[in-house]
Amino acid sequence: MTDAERAEFGIEGGWAMIRRHRVRWSECDQYAHANNTAYLTLCEDLRVSHWLTLGGRFELGAPGPVVSQIEARYLRSLAFDDAVATTLRPGTIRRTSFTHEYAVWKQGLVFSCRTVLVLIVNGSGEKVPIPPPCAPGSSRRGRARSNG
């Protein structure tokens, strides 16, 4: 993440990933306000990208992250055509689960979210241990990760 991106969106703290987005009409209600689900979809898109950068896959029989808990805070509304940045920060890593923190920014924080993800074999639903190559911040297993 660049200093210019931090300044443009009012981003604070340390984040592992950033993605720019412009709110589409399909994400809005009839009054041009972004639907609550749009914020969650922004987080999902970043979560998928993060898993793929770790070498993860989304295939039948392959393990993949499934959201088991989600906590969201809507602080300010977004509207059609707003330019935003979504950020992701890996958190605690356990044997079969890990956490992510997300934030959406437009002139400061507008939304924050925390998820607990469980590694499940797609097709069987079996929980499996997180393999070291796919563990977000694998050297920090069992501890919260902080980037600043």
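Biologist: Is Arg89 buried or exposed?
Modeller: This is a predicted model: local features need pLDDT (confidence per residue, 0 to 100) of at least 70, side-chain atom pairs need 80 or more, and totals for chains, interfaces and linings use all residues. Numbering starts from 1 along each chain as its sequence is written, and side-chain values use heavy atoms, leaving out hydrogens and water. The relative accessible area of Arg89 is 16% (buried is under 20%, exposed over 50%, partly exposed in between; 1.4 Å probe, protein chains only), so Arg89 is buried.

Biologist: Which residue's backbone oxygen lies 2.7 Å from a polar atom of the Arg89 side chain?
Modeller: Arg89 sits in strand S3, residues 83–93 (a DSSP E run of at least two). Its C-alpha atom is 9.9 Å from that of Gly13, 76 residues away along the chain. The backbone oxygen at 2.7 Å from the Arg89 side chain belongs to Gly14.

Biologist: Over which residues does pLDDT stay under 50?
Modeller: The chain averages a pLDDT of 88, and 89% of the residues score at least 70. The stretch under 50 has 25 contacts (heavy atoms within 4.5 Å) beyond four places in sequence. That stretch is residues 138–148.

Biologist: Which helix gives the most to the lining of the largest cavity?
Modeller: The structure holds one cavity (1 Å grid points where a 1.4 Å probe fits but cannot get out; lining atoms within 4 Å) of 30 Å³ or more. The largest holds about 40 Å³ of space. Its lining includes His21, Glu27, Tyr39 and Leu78. With three lining residues, the top contributor (a DSSP H or I run of at least four) is H2.

Notes. Polar contact = N/O pair within 3.5 Å; in protein donor to acceptor, adjacent residues only side chain to side chain. 1 Å grid on protein atoms, 1.4 Å probe; cavity = no way out; pocket = protein on both sides within 12 Å on 5 of 7 lines; lining within 4 Å. Points joined across faces, edges and corners; volume = space filled by probe spheres on them.
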